[in-house]
Each structure stands twice: as C-alpha cells, then as structure tokens.
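Here is a short tour for the bench, with the sequence and structure alongside. Take a look at them, then follow the points below topic by topic.

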Amino acid sequence: MAIFEKRLEQKVVLDDTETIACTIETAQNIDGHTEYVLRAQRGPYPENSWRILRRYNDFASLNKCLQISGIDLSFPGKKFIGNMRPDFIAERLIALQEFINQVLMNPILASSLPTKKFIDPDSYSTPFHDLALQYASMCLRADGVYTLGQSLGPIGWRLRKHYFKVVHKPQGNKHSPGHSNTKHHLIKSSSQSHGKQHTTQVCVTTSTEKDYNTKESGKDDLILTWTEFGPDKYIDDKEIHNVLKNFGSIQHPYIAPIEYIASNDNGALVIRKFYKQGSLKDVLCAASPCNPFLSKYGSPKGRAPLPLKELALYARQILEAIRFLHSKGMACGHVHCGNVLIVDGIARLMDVENFIFGVPSFYRPFFVQHSKINTCEAIDVYGFGHLLYEMCMGYPLQDSYARQILDCPDSLKALLESILSKDACKSALPTLDQLAAHPFFGEYASSFNDQYAMAIGNQKPHLKFSTNAKEQLKIAVQKTENRVRDEQKSVKNQKRLVRVQEMMTSEEEKKKIKHKAKQEQRQAKLRAQNSLQLNNGPPQTVTVSASSGSAGAVMIKSDSANSIISPLDVTLMSPPAQATTESGGSGSSPLPPPSAPPIPPPSSLPLFDQAIVSGSSNGRQLVKSISGDGPCSSNRSALLDSICNFNKSGLKKINISDE
C-alpha cells in the first residue's frame, strides 16, 4: 500500500426498521445509586447485541419524551425512602421491564428518536438534523433556484428524513423568456479539489407545469425533504444522478409531481408542493400535518373510515400508479397512508423515489416474517393491502396479518383476505393485475375507467430512463429482493432455533424431574437400609378396628400398607433408634420404618400367623388368638421358646451321596 494512498472506509448504514428487543438483566449499586444493566438486541441473531447501563432517571426522561403521544404507559413512580432495599429494587426492575416492553411493542413509539437514543446511544447520537440542514443548503446553493427556510421538525416517522420550507429565489433576467416553459437539467460537481470522497454531484429537474418567473408562483407553499441513503441503495454512485435526472421528469395523474430533485454522496433532497390538508393518514386521523409525528398518530381521537365509494376510487387510483411504476421497471415499496395525497378528489402517490434512495419500507418488520412475500411486486401488493385496511377500518393493522375482518361488505372482505389473511401470506399474494380486476372495484368504482381515460387525455403518463439507468434499476430490484429473502431465511432459522431450544429446555426439565425422582428413591432406600441396621427403638403400632364390632385391637404393622407382620418377625427386625410415636413426642425427624419382608404362604405359617394373615372379620377372635388366651396357648408358648432359643452352631454339615 502506498504511503499517501487513502484508505476508503465503507459506511455502515443501519436499517432503522429492524426490530430491537431489550431486557433488563440485573441491577447493581454504584456510588450510592441503582443502575440497571440492559441487554439490547437488533434483529434475530443474539450476536448482534450489546449492554448499556441506565438509571431510573433515564427511564423517567424517556417516559417524559413519549408523553406527547398521548399513549398511556405504565411507568412506576419515584420513591425517595427505602429505594435501596433489595426487595424494592426487584419490584422496580419488573415494573421498568413492563414499561420498556410497552414502548417497543408499539411501532410508533419504537421508531421514535428518544427510544432509539435510549436503547442504542452509540448509533443514534449523531446530529441528524444538523447534517441534513448542511447537506440541503449545499445542494440548493449549487443551483441557486431555491432558498432554504425554517425546519418543520419531526413530522415524519423516519429518523433520517427531515422537512424544511423553501421559497423561490428572485430570478430577475437570469433566464430568457423563451426558457420559462422549458425543462432543464443541471448536473454539477463541486469540491472536486478535495478528492473523490468529498465530491458532490447534484442533479436538478424543474417541472414544466409551472413558470417560476411569474408573480403567482410565490403563493404556492413548497416543502423540501432531505433523505439519507438507506441500506437498500444499490444504484452506483456514478449513475444515481442520471437515474434521478430521468426520474425527476415523471408525469402521471396519480403520482405527485416533483418540482426539484438533487443528490450528493450522503443523500438526496426532493421539493414538492405542500398541501395544507396533509396526507391521507392526516385525513383519517383528523390531524394537522405540521404537528410532530408522535402527537399526530400516537393516540388520535378523530379516526374515521372512508365511505365505500371514495375508498374504492382512491384505492383504484393508487393501484394504477403502482402498476405504472412496475411497467417502467421500478418498484415503489413504500405504499402506506402517509405517502398518499388527496387533492380535489384524486389520490396521488408520493415519495416513490424512496426505492432509488434505498430506504427500508415501513412494513418491512411485517413482511420479513412471511417467506412468500419476497418480490417487489408482492411487497407493493402487501403494502396496498395494509393501506386498504386502514382506509376501511380507520386505524392501521398492527400485525403482519389480519386474524379476522369484520364490518365491511363481502366483496371488500374477500379482497382484504386475499392479501392480509394468514393463508394468503403463507401461500401467495395476488398480482397487481389480478387486484385491478377484482369485483370490488367493479361494484364500487365502476366509473374509474372513464375518469382515468379523461385524466390521461389531460396529462399523458411519462417516465423514460436511459439504457444505463434501466440496467441500474434492474440490478437494484434483484439485490433488494435477495436481501429480503436472506433476511426472511434468517428470521425463519431463528424461529426454528427458538422452537428447538424450547423443546430441548422442556426435555431437560423432564430429565431433571426424572433424575430428581430417582435420587429421592435412592435416598429412601438408603434410609431404609440404615434403619434396618439400628437395634433400638420401639416398633410402630397401629390400631385396627374390627369390622363386625366396636372393639379394637393393637397390631404390629410394617411400612407397607398391605402387609402385617407377626410378633416373631418384630423381634427379628431392628426399628429406628429415634422413632416418633403417632402422638409426636420426639424433636428430631424420624426415619421411615423398614419395608416388611415378603409374607410366606399361609400353610407354612404358624397357626396364630395364619389367623393374622387371613384377615378374619371377627375382631374378637383375632385379638384372642394374638393375645394367647385359648386352649392351645401353652403349646404355642413352647413353640415360640424353642424357635427363639434355637442354637444354629449345633448344626452339622452332612454329605449325602447320590447312592
């Protein structure tokens, strides 16, 4: 490597739509205050995770920033006394975990800049607004047609997209009258003396519909949007200004026209006419378009669905705009209510240039969960389904598919189910042409074809790309679809891994339970063996009630519930040394009684044992035979004495031959 050769560092562009999970692992005491250890993870893979330390005041600051949304969050209150006790810290940790879960489960709150800064301060501490102001000023200064005005603040959901007011500069006699109605493209490069890294390429396209030199042009409000290039930008830096130059001349009755478009190495700006009624989402929520995004859509109070005829007409117009883009080799990828304008009863799709900028789609966290939604056309159909659902219900669908669709006509229900049902997302979505031929539009928007023919007569659709631009768009479509497929595979593999881990965890738990049971059985056997080796302690006695009378008898019983032993066996057994009686007098825990030996057949037992084993129903006779009151008591006593006094040492071994 040469000494003076510059090392080019590739800029890592984050996908802001990627889901982030956050778990509070533990709490620790540092310098007299409690700090919580948070583990955050972006995406499906655990290796893409990090840890941060947060105090209670940090959680309180986040809650204060999110209160503008009007969403009720369960945030625990502050406590001044006893806040260092371990039990209180444990309760506070659980409450803060519930709070952060509520924030991350809400798409509006999760996409806000305060939430991103709280969870990932290293990636979102960049002054995005100041950089956007700097880049936009440089691009406008290069041409000298517009003057940058005041910032409109965070009126959109994207963190890397910023909004400014712009006005026309007085042109004087700079252009001849013959140039007032002509289209001109300016391509400029600045700061080329600083090397390729700082080169700024600007492409400018002005609309033919307006004469900027007239006095009436100042009456129209204009809005500038600066957008950083996203992770799906696959058009080469050398060709993107040519692509944008061709795209700036787009004309279609259902696509919002572009007044001015420019780009540099970091992003691009677009100037359009500003409409005071705002987007379709502002209309549905009855919100002012210049209010912050959190306050407009966090908890709107004026939600109202559209009438069926208006819904069908607007949806059909948007669908025709999407079909036009795909016919030119482009994709939209950003179909939602925030990108639709309603002007004089006509729906117009805007921000269609986001595909060229490579910014991620609003519904990306949803369609990456379904492997069948893996083409640009399927993504636009899926976004159109969400748009149709919000126009019909008045509120957005907060899940990747609709579990149940109610309160709408059968034709509209069939159309929504063909896009948003669980079966449709798992199998295949309809094409754009199939949607255009759906019976719902023929029933509620029967006059669309006549209106579209009239609109085409007034403004002929136009979008023409050069050969190189077409090739770049084709490559961008392929790479975008490949990235979607790769991410869907990652999500699918991670879900499968989670299921396997859950199954393994359950199997391990079962093995642990079985192992614990075996250990308990072994310990019980050891205790029984130990009890057999002890020689002191009274035997256990139980009282058996006679079945045919009220009198009872005291019997010797073994540990087994179904076995009764004889007094002879009791004398040969060794009960525990510290056995506890039934009344409970010993302070130490008793050892369990030993198991009884197997009972021989009644024919081999003495007469009194046969009486016990037979379980006679006559309780009095049973007690009498055991106590020894009878005519044969003396013989039995002699038999017992001979058995107890038997000397085993007197036995001699005798060899018996086979003969």
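Y452 is buried in this predicted model, because its relative accessible area of 16% falls under the 20% cut-off. Its ring partner F448 counts as buried too, at 2% relative accessibility. Both residues belong to helix α18, which spans residues 448-458.

**Aromatic pairs**

- How many aromatic pairs does the structure hold? There are 19 of them.
- One of these joins F362 and Y363, whose ring centres are 5.1 Å apart; their planes stand at 85 degrees, so this pair is edge-to-face.
- The pair of F448 and Y452 is stacked, because the planes of the two rings are at 10 degrees, under the 30 degrees that stacking allows. Their ring centres are 5.7 Å apart.
- Along the helix, F448 and Y452 are four residues apart, about one turn of α18.
- F362 is partly exposed, with a relative accessible area of 30%, whereas Y363 is buried at 6%. The cut-offs explain why: 30% lies between 20% and 50%, and 6% is under 20%.
- F362 and Y363 also belong to a cluster, in which ring pairs link them with W157 and F366.

**Charges over rings**

- Which ring does the charged end of K233 sit over? It is the ring of F229, with the charged end 5.1 Å from the ring centre.
- K281 lies over the face of Y297, at 5.3 Å from the centre of that ring.

**Helices α10 and α13**

- Helix α10 covers residues 308-327 and helix α13 covers residues 376-393. Their axes come within 11 Å and cross at roughly 165 degrees.
- That angle is over 145 degrees, so α10 runs roughly antiparallel to α13.
- Is the crossing of α10 and α13 left-handed or right-handed? The crossing is right-handed.
- On the α10 side, the residues that meet α13 are L311, Y314, A315, I318, L319, I322 and H326.
- On the α13 side, the residues that meet α10 are C376, E377, D380, F384, L387, L388, M391 and C392.

**Two buried helix residues**

- N354 is found in helix α11, which spans residues 354-357. N354 is buried because its relative accessible area is 2%, under the 20% cut-off.
- Leaving aside residues up to four places away in sequence, N354 touches R158, K161, H334, N339 and V359.
- A436 has its place in helix α16, residues 432-436, and counts as buried at 14% relative accessibility.
- With residues up to four places away in sequence again left out, A436 touches R316, L319, R323 and F441.
- How far apart in space are A436 and R323? Their C-alpha atoms are 9.3 Å apart, although 113 residues separate them in sequence.
- L319 turns up twice here: it touches A436, and it is among the α10 residues that meet α13.

**The chain as a whole**

- The chain contains 23 helices and 14 strands.
- Of its 659 residues, 42% are buried.
- Among contacts in the chain with a separation of 6 or more, 68% are between residues 24 or more positions apart.

Note on methods. Residues are numbered from 1 along each chain as its sequence is written. This is a predicted model: local features need pLDDT of at least 70, side-chain atom pairs count only at pLDDT 80 or more; totals for chains, interfaces and linings use all residues. Side-chain values use heavy atoms; hydrogens and water are left out. Rings of Phe, Tyr and Trp (its six-membered ring) pair if their centres lie within 6.5 Å; planes under 30 degrees apart count as stacked, over 60 as edge-to-face and the rest as tilted. Buried means under 20% relative accessible area, exposed over 50%, partly exposed in between (1.4 Å probe, protein chains only). A charge sits over a ring if NZ of Lys or CZ of Arg is within 6 Å of the ring centre and within 35 degrees of the ring normal. Axes are lines fitted to C-alpha atoms, for helices over the stretch in contact, and angles run from 0 to 180 degrees between N-to-C directions. Angles under 35 degrees count as roughly parallel, over 145 as roughly antiparallel, 65 to 115 as roughly perpendicular and the rest as oblique. A crossing is left-handed if the near helix is turned anticlockwise from the far one by less than a right angle, and right-handed if clockwise. Contact means heavy atoms within 4.5 Å.
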